[in-house]
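Open the model in your viewer and keep the selection tool at hand, since this tour goes from one selection to the next. Take your time at each stop and turn the view before moving on.

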Amino acid sequence: MNNVLSDEQVLVLQTAEKVGERFGRRNWLAYGRERREPVPLWEELQKSGLTGAGVVEGSGTLDAVLVQEGLARAGIPLLHFLTTHFSRVMIARHGTRMQFERFVDPTVKHGKKISFALTEAEAGSETWRIKTFAERRNGGFVLNGQKTYITGARESDYLVVVARTKPLQKVSDKRDGISVFALETRTSGVMFEPLNIELYSPETQYTVYFDMVELGEENLVGRLDRGVEVLFDGLNVERMLIAACSIGLGDHVLRRAAEYGRQRVVFGHPVGSYQGLQFRMARAKARLEAARVLNYEAASLFDAGKPCGAEANMAKLVASEAGLEAFEAAMQTFGGNAYDLGTDIITFYPVIRLFLTAPVANELILSYIGTHVLGLPKSY
């Protein structure tokens, strides 16, 4: 992809991959088994200057995409970088200078992390029906409710929370009455419950509870009741980062499959010479490259201040499917050995498969493309 990226961008991608390789996939799995936060990885990212990708002067979202992709190419799906970056994008684009200094600068200079709290058990993908509510009180807000499937919440330094500030029943437009808040994770009234989810990852998923959490005007990001404009900027970037992770992981498992396919001999020939496997890997490679180009285009449009919703959604769709296709090709190439934890192939399935469902289901993306790109009637 050197003909698409500048020399500086190629360096970002290569540096991120090297950081991931130095930390090592085995370390990643060991930290996951022990439920330990991968602090050395974050320290290395900070030393390499990668924690500022996408927000420091001269750097854009494409750089953050490259960091995410490079780490994934080393077998490191660092979702906490993902949540940190798209959360701080919302603050950088819609927040105040004081909010930038309070919540964004520390993520660059000190490797601080942000978790994003939107999903609720009952609302699911129907964001408008969230019930977490921030009530006006004493010149500020009181936040109550709960969020679930929040990556690394307790290990984060900050939370970006999406809440209703007007009940859904009292607005004529379902988008009205949604606001975005940024706060310190250790704020009084914020509590965490770990979920029993296995992603072969050290990053824990949580349900987060908000009980009479007091917030000030300085915690509100963007305009009151108009948080949707803040939210969609962040979600577009989230889709690009998910795509980058899918592409990078697809690259990793496909590279492993090709290596094995050259070495493993069956019936007197390397298994990679048999078209049943070779064509499968070749098709996966072509689709990963197509997804990569689309994802870089989405990031470039975002950095140029141009509409990118269609491209971001399509990139997430095709990248997640290409990543899974690469994984399936690797599974078939390794055969029964793919199920041996020692080969470290089956361990990629939970996170690669996750991206077809989260943070937005591919079916909803198809509906978006049908309605907003093709101009078809709404399907839901």
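The tour begins with the whole chain, goes on to the interior and the charged pairs, and ends with a helix and a surface patch.

**The whole chain**

Select everything first, and keep in mind throughout that this is a predicted model. In a cartoon view you can look for the 11 helices and 10 strands of the protein. The radius of gyration is 21 Å, close to the 21 Å that the globule rule gives for 380 residues, so the protein is as compact as a globular protein of that length. If you line the view up with the principal axes, the C-alpha atoms fill a box of roughly 80 × 50 × 40 Å.

Now switch on the surface, which has an accessible area of about 17000 Å², with 51% of it belonging to carbon and sulfur atoms. Beneath it, 56% of the 380 residues count as buried. Among contacts with a separation of 6 or more, 74% are between residues 24 or more positions apart.

**The nonpolar cores**

Which residues have the most contacts inside the largest nonpolar core? Select Leu-41, Leu-71, Leu-78 and Phe-116, which hold that place in a core of 91 residues. Then colour helix α7, residues 227–263, because this helix gives the most to the core, with 15 residues.

Stay with Leu-71 for a moment and show what surrounds it: leaving aside neighbours within four places in sequence, Leu-71 is in contact with Ala-16, Glu-17, Val-19, Gly-20, Leu-41, Leu-45, Ile-76 and Leu-78. A second core, separate from the one you have just seen, has 19 residues, and you can find it by selecting Leu-159, Tyr-206, Phe-210 and Leu-220, which are included in it.

**Charged pairs**

Side chains of opposite charge can pair when their charged atoms come close. The structure holds 25 salt bridges, and the next selections visit some of them.

Begin with Arg-102 and Glu-184, whose closest N and O atoms are 2.8 Å apart in a salt bridge. This pair links distant parts of the chain, for Arg-102 is in helix α6 (residues 97–109) and Glu-184 is in strand β5 (residues 178–184), 82 residues apart. Arg-102 is partly exposed, with a relative accessible area of 31%, and Glu-184 also counts as partly exposed, at 27%.

Next, select Lys-112 and Asp-157, whose side chains meet in a salt bridge with an N to O distance of 3.9 Å. Lys-112 lies in the loop between α6 and β1 (114–117), while Asp-157 lies in the loop between β3 (140–151) and β4 (158–164), so the pair ties together parts that are 45 residues apart in sequence.

Then move to Asp-225 and Lys-166, a salt bridge in which the closest N and O atoms are 3.9 Å apart. Asp-225 is in the loop between β8 (220–221) and α7, and Lys-166 is in the loop between β4 and β5, so parts that are 59 residues apart in sequence are tied together. Is Asp-225 buried or exposed? Asp-225 counts as buried, because its relative accessibility is 11% and the cut-off for buried is under 20%. Its partner Lys-166, at 31%, counts as partly exposed.

To finish with charges, select Glu-17, Glu-69, Arg-73, Asp-251, Lys-285, Glu-289 and Arg-292 together, which are linked in a network of salt bridges.

**Helix α2**

Select residues 25–33, which make up helix α2 and contain Ala-30. Within this helix, Arg-25, Trp-28, Leu-29, Ala-30, Tyr-31 and Gly-32 are buried, and what covers the buried residues includes α1 (7–23) and α3 (39–47). Just after the helix, look at Arg-35, which takes a positive phi of about 55°. For a sense of scale, draw a line between the C-alpha atoms of Ala-30 and Asn-236, which are 206 residues apart along the chain and separated by 32 Å.

**A surface patch**

For the last stop, select Val-373, Leu-374 and Leu-376, which form a nonpolar patch on the surface with about 280 Å² of accessible area together. Val-373 belongs to helix α11, residues 362–373, and counts as partly exposed at 40% relative accessibility.

Notes
Residues are numbered from 1 along each chain as its sequence is written. This is a predicted model: local features need pLDDT of at least 70, side-chain atom pairs count only at pLDDT 80 or more; totals for chains, interfaces and linings use all residues. Side-chain values use heavy atoms; hydrogens and water are left out. Patches are made of residues with over 30% relative accessible area and no salt bridge: like charges are joined within 9 Å, nonpolar side chains (Val, Leu, Ile, Met, Phe, Trp, Tyr) within 5 Å. Accessible areas come from the Shrake-Rupley method with a 1.4 Å probe; for residues, only the protein chains shown count as cover. A salt bridge is a side-chain nitrogen of Lys or Arg within 4 Å of a carboxyl oxygen of Asp or Glu. Helices (H or I, at least four residues) and strands (E, at least two) are DSSP runs, numbered from the N terminus. Buried means under 20% relative accessible area, exposed over 50%, partly exposed in between (1.4 Å probe, protein chains only). A nonpolar core is a set of buried Ala, Val, Leu, Ile, Met, Phe, Trp, Tyr and Cys residues joined through side-chain atoms within 4.5 Å. Contact means heavy atoms within 4.5 Å. The radius of gyration is taken over C-alpha atoms; the globule rule is 2.2 Å times the number of residues to the power 0.38.
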